[in-house]
Amino acid sequence: MTSIVLYCRPGFEKECGAEIQEKAAWLEAFGYLQIAKNEGIVFYHLNNPEDGEKIMAKLPLKRLIFTRQWFVTLTDKIALPDYNRVEAIVEELGSEWQYADLRMETPDTNDGKALSKFCRKLAVPLRQALRKKKVLTEKNQHEGAVLHALFFSGTEVILGYSLGNNTSPHVMGIPRLKFPSASPSRSTLKLDEAFLYFIPKEEREYRLCSGMKAVDLGAAPGGWTYQLVRRGMMVTSIDNGPMAESLMETGQVKHRMVDGFKYEPIKHEIYWLVRETKKREKVNIPDQTPVDWLVCDMIEKPQRVVDLIIHWFTQGYCREAIVNLKLPMAKKYDTVKGLLDKLKDALPNCYYEAKHLYYDRDEITLLVKYKVHRDNQR
Ligand SMILES: C[S@@+](CC[C@H](N)C(=O)[O-])C[C@H]1O[C@@H](n2cnc3c(N)ncnc32)[C@H](O)[C@@H]1O
């Protein structure tokens with residue numbers, strides 16, 4: 001049987017399953033789901049084995065909001081012997097196909113974490129043996145196929161492949177980011193991951209640059225502001241709560257204690273200029289170009305946050321936005337679909353992308369930007 005194996009955050013298997021079923025059907029690929037609750041793995045067993053390749057080639061992984069990583073199976077679950085596991089895997093693969101990379105994977109559970117140590121050890125002789133048979137080339141990683149070995153125990157594995165141009169660069173789709181000790185909160189990793197995920201490396205120099213202006217709604221204590229400051233941006237941080245002193249000392253942050261739903265960049269800045277300079281008669285209107293970035297991590301109903309984003313983009317207040325949408329409700333996938341439809345209708349001139357990132361919990365991250373030519377971005 002051929003199946004698509006999908007990795008998601010444990011607890012989100014239902015959303016991940018509903019999404020692949022729906023999006024595979026767009027390609028007229030049908031099958032049935034097998035879900036192991038809280039294991040972070042979903043199987044989509046295909047009615048037609050040839051649909052595996054079709055889905056991998058035609059459905060971009062980035063369109064799957066709740067899937068971190070995926071592969072098409074080459075084998076069912078194989079029972080490995082206690083000894084000569086490497087030989088058994090090599091034999092199972094044969095020498096017909098070549099792979100540009102090997103990923104040793106496990107379920108994202110506590111048992112899986114213990115197993116990953118075993119996988120790291122086994123990876124060394126397995127890589128050697130596959131190289132020797134010229135099955136693992138380690139060339140053209142972006143174009144070639146990636147070999148996946150998903151271990152359920154030391155003696156049970158499923159083998160499969162994904163395509164190098166439609167796969168996550170991280171094992172199990174999990175980027176391991178280092179928590180910066182100078183950040184005032186762990187939330188910082190969410191924005192760090194979002195920038196890495198949504199902004200391709202070659203575009204970072206003009207989409208995330210020093211000197212840009214940003215607004216951070218729901219900023220306190222400052223984990224997201226920290227990521228903007230770190231990239232040299234000038235930030236207006238909106239929150240009634242206190243911001244970390246270390247950030248205020250950089251001189252790059254203005255803290256405004258107002259409601260993030262009422263803050264309007266140009267109007268408010270004029271008001272503060274009047275108050276801070278105490279010159280009521282003549283006020284220089286600050287630069288009226290939009291801010292480059294809006295980021296928002298307010299804990300609020302996602303419908304309200306999406307309305308706010310629509311307001312910012314219809315007013316032309318920002319060029320790009322990264323927003324966290326909290327999803328405490330039961331029907332998460334339906335809610336997200338409704339919100340994205342609303343965005344699409346309200347902002348036809350915008351591009352958006354949504355992903356349940358690794359450092360997200362009961363929430364997803366959304367990128368919105370105008371559909372503009374690269375040369376017009378700055
Ligand atoms: C999850 S915390 C933000 C953490 C922050 N991103 C960080 O990295 O440190 C949510 C914040 O949103 C703020 N908040 C909630 N509703 C708000 C509103 N209407 N206006 C401004 N801030 C709001 C809260 O005060 C809280 O500090």
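This passage describes the overall build of one protein chain, its ligand site, one of its helices and some of its aromatic rings.

The structure is a predicted model, in which local features need pLDDT of at least 70 and side-chain atom pairs count only at pLDDT 80 or more, while totals for chains, interfaces and linings use all residues. Residues are numbered from 1 along each chain as its sequence is written, and side-chain values use heavy atoms, with hydrogens and water left out.

To begin with the whole chain, there are 11 helices and 15 strands; both are DSSP runs numbered from the N terminus, helices being H or I with at least four residues and strands E with at least two. The C-alpha trace spans about 85 × 40 × 40 Å along its principal axes. Of the 378 residues in the chain, 53% are buried. Here buried means under 20% relative accessible area, exposed means over 50%, and partly exposed lies in between, with a 1.4 Å probe and protein chains only. The accessible surface of the chain amounts to about 18800 Å², and carbon and sulfur atoms hold 51% of that surface; such areas come from the Shrake-Rupley method with a 1.4 Å probe, and for residues only the protein chains shown count as cover. Among contacts with a separation of 6 or more, 66% are between residues 24 or more positions apart, a contact being heavy atoms within 4.5 Å.

The ligand comes next. It is surrounded by 17 residues, and the closest are S185, G223, D239, G260 and D297; a residue is near the ligand if one of its heavy atoms lies within 4 Å of it. Polar backbone atoms of two glycines face ligand oxygen atoms: the distance is 3.1 Å for G222 and 2.9 Å for G223. On the side-chain side, a polar atom of D259 lies 2.9 Å from a nitrogen atom of the ligand. On its own the ligand has 600 Å² of accessible area, and the protein covers 77% of this.

One of the closest residues, S185, is found in the loop between β8 (156-163) and α5. With a relative accessible area of 15%, S185 counts as buried. Residues up to four places away in sequence aside, S185 touches F179, P221 and G223. F179 has another partner as well: the charged end of R186 sits over the F179 ring, 4.7 Å from its centre. For this arrangement, NZ of Lys or CZ of Arg must be within 6 Å of the ring centre and within 35 degrees of the ring normal. A second example is K369, which lies over the face of Y351 at 5.4 Å from the ring centre.

Helix α5 (residues 188-198) is mostly covered, as nine of its 11 residues are buried. Among them are T188, L189, K190 and F198. The buried residues of α5 pack against two helices, α6 (204-207) and α7 (223-230), and against the strands β12 (291-296), β13 (318-326), β14 (350-355) and β15 (363-370).

What about the aromatic rings? Rings of Phe, Tyr and Trp (its six-membered ring) pair if their centres lie within 6.5 Å; planes under 30 degrees apart count as stacked, over 60 as edge-to-face and the rest as tilted. By this rule there are 10 aromatic pairs. The rings of F118 and F151 are edge-to-face because their planes stand at 80 degrees, with the centres 5.8 Å apart. This pair links distant parts of the chain, with F118 in helix α4 (residues 110-132) and F151 in strand β7 (residues 145-153), 33 residues apart. F118 is partly exposed at 24% relative accessibility, whereas F151 is buried at 0%. Y197 and F198 also form an edge-to-face pair, 5.0 Å from centre to centre and with 80 degrees between the planes. Y197 is partly exposed at 31%, while F198 is buried at 4%. In addition, F12, F66 and Y333 form one aromatic cluster.

F12 also appears among the contacts of K332, which include E15, L327 and D362 too once neighbours within four places in sequence are left aside. K332 lies in helix α11 (residues 332-346) and counts as buried because its relative accessibility is 10%.

Finally, M248 belongs to helix α8 (residues 245-248) and is partly exposed at 25% relative accessibility. Beyond its neighbours within four places in sequence, M248 is in contact with M243, V253, K254 and H255. M248 and G222 are 26 residues apart in sequence, and 9.7 Å separates their C-alpha atoms.

Conventions
Polar contact = N/O pair within 3.5 Å; in protein donor to acceptor, adjacent residues only side chain to side chain.
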